[in-house]
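The exercises below concern a predicted model. Work through each task with the sequence and the structure at hand, then compare with the solution.

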Amino acid sequence: MNVGIIIFSRTGNTLSVAEKVRDACLAQGHTAVIERISAENEDPNSKLPVRLKNAPDPVRFDAVIFGAPVQGFSLSPIVKAYLTQIPQITGKEVGCFVTQHFPKPWMGGKQAAKQMCSLCQSKGVVVAEIGIINWMNKSRKGQIDDVASMLSRIGG
Ligand SMILES: Cc1cc2nc3c(=O)[nH]c(=O)nc-3n(C[C@H](O)[C@H](O)[C@H](O)COP(=O)(O)O)c2cc1C
């Protein structure tokens, strides 16, 4: 299966998880690439509307894994803007993950994950698996390994 791992990462946490997910997908025999979302202004304190600079096309993949940071107890506005503007992706296998600083999923991760699921649903897909990584949790390494292994199995 041709897997696209489409992420936004400002300080590298989401990217480092994406690299583990990619390696797990490759180990399962899939092809897998990481593609990065970017915006003209990535300052999290900016009040300007998001203008995407790079918006990877999810349509050419059989399976897509979206990854995003949590921002302000919510999904990163850049990923929100990206998922809002992609075309319908009906028929694809889709998984998601979020990274957050705080140690517990209720500190923004669950909310962001829910938002990703409903944005994906609006694009015609039900998210098969979703993972939350809590950067300050002492089990972070195990969380990353579990999420990578779970997401590498989407689509069988
Ligand atoms: C403006 C801003 C708001 C944030 N809000 C939250 C939050 O509500 N909950 C949380 O756990 N982490 C929060 N974080 C931390 C990031 O979600 C976390 O560091 C994430 O892993 C960063 O991913 P990245 O390195 O891929 O950019 C926030 C970070 C920024 C910059």
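**Exercise 1. Give the strand order of the open sheet and identify its edge strands.**

Solution. Begin with the order: the five strands of the open sheet run 2-1-5-6-7, and their pairing is parallel. Next, look for strands that pair on one side only; these edge strands are strand 2 (31-36) and strand 7 (129-134). From one strand to the next, the twist averages 15 degrees.

**Exercise 2. Describe the pairing of strand 1 with strand 2.**

Solution. Strand 1 covers residues 2-7 and pairs with strand 2 over six bridges, in the parallel sense. For a register point, take valine 3: the residue opposite in strand 2 is alanine 32.

**Exercise 3. State which strands helix 4 touches and how helix 4 is directed relative to strand 7.**

Solution. Helix 4, residues 140-152, packs on the sheet. The strands touched by helix 4 are strand 5 (63-69), strand 6 (93-100) and strand 7. The directions of helix 4 and strand 7 make an angle of about 165 degrees.

**Exercise 4. Classify the packing of helix 1 against helix 4 and list the residues that meet.**

Solution. First take the geometry: the axes of helix 1 (residues 13-27) and helix 4 come within 8 Å, with a crossing at roughly 45 degrees. Helix 1 is therefore oblique to helix 4. The crossing of this pair is right-handed. Then turn to the residues: helix 1 contributes Val17, Lys20, Val21, Ala24, Cys25 and Ala27, and helix 4 contributes Ile144, Val147, Ala148, Ser149, Leu151 and Ser152. Sorted by class, the contact of helix 1 with helix 4 holds nine nonpolar residues, two polar and one charged.

**Exercise 5. Carry out the classification for helix 2 and helix 3.**

Solution. Helix 2 spans residues 77-85 and helix 3 spans residues 109-122; their axes come within 9 Å and cross at roughly 15 degrees. Angles under 35 degrees count as roughly parallel, so helix 2 and helix 3 are roughly parallel to each other. Their crossing is right-handed. On the side of helix 2 the contact is made by Lys80, Leu83 and Thr84; on the side of helix 3, by Gln115, Met116, Leu119 and Cys120. The contact of helix 2 with helix 3 divides into four nonpolar residues, two polar and one charged.

**Exercise 6. Characterise the shell around the ligand by its nearest residues, its sources and its residue classes.**

Solution. Start with proximity: there are 20 residues around the ligand, and Ser9, Thr14, Pro69, Gln100 and Gly108 come nearest. For the sources, helix 1 and strand 6 each supply at least two residues of the shell. Helix 1 gives the most, with three residues. Finally, sort the shell by class: eight residues are nonpolar, 11 are polar and one is charged.

Notes: Residues are numbered from 1 along each chain as its sequence is written. This is a predicted model: local features need pLDDT of at least 70, side-chain atom pairs count only at pLDDT 80 or more; totals for chains, interfaces and linings use all residues. Two strands pair if DSSP finds at least two bridges between them. Helices (H or I, at least four residues) and strands (E, at least two) are DSSP runs, numbered from the N terminus. Axes are lines fitted to C-alpha atoms, for helices over the stretch in contact, and angles run from 0 to 180 degrees between N-to-C directions. Two residues are in contact if their C-beta atoms, placed from the backbone, lie within 7 Å. Angles under 35 degrees count as roughly parallel, over 145 as roughly antiparallel, 65 to 115 as roughly perpendicular and the rest as oblique. A crossing is left-handed if the near helix is turned anticlockwise from the far one by less than a right angle, and right-handed if clockwise. Ala, Val, Leu, Ile, Met, Phe, Trp, Tyr, Cys and Pro count as nonpolar, Asp, Glu, Lys and Arg as charged, and the others, Gly among them, as polar. A residue is near a molecule or strand if its C-beta atom, placed from the backbone, lies within 6 Å of it.
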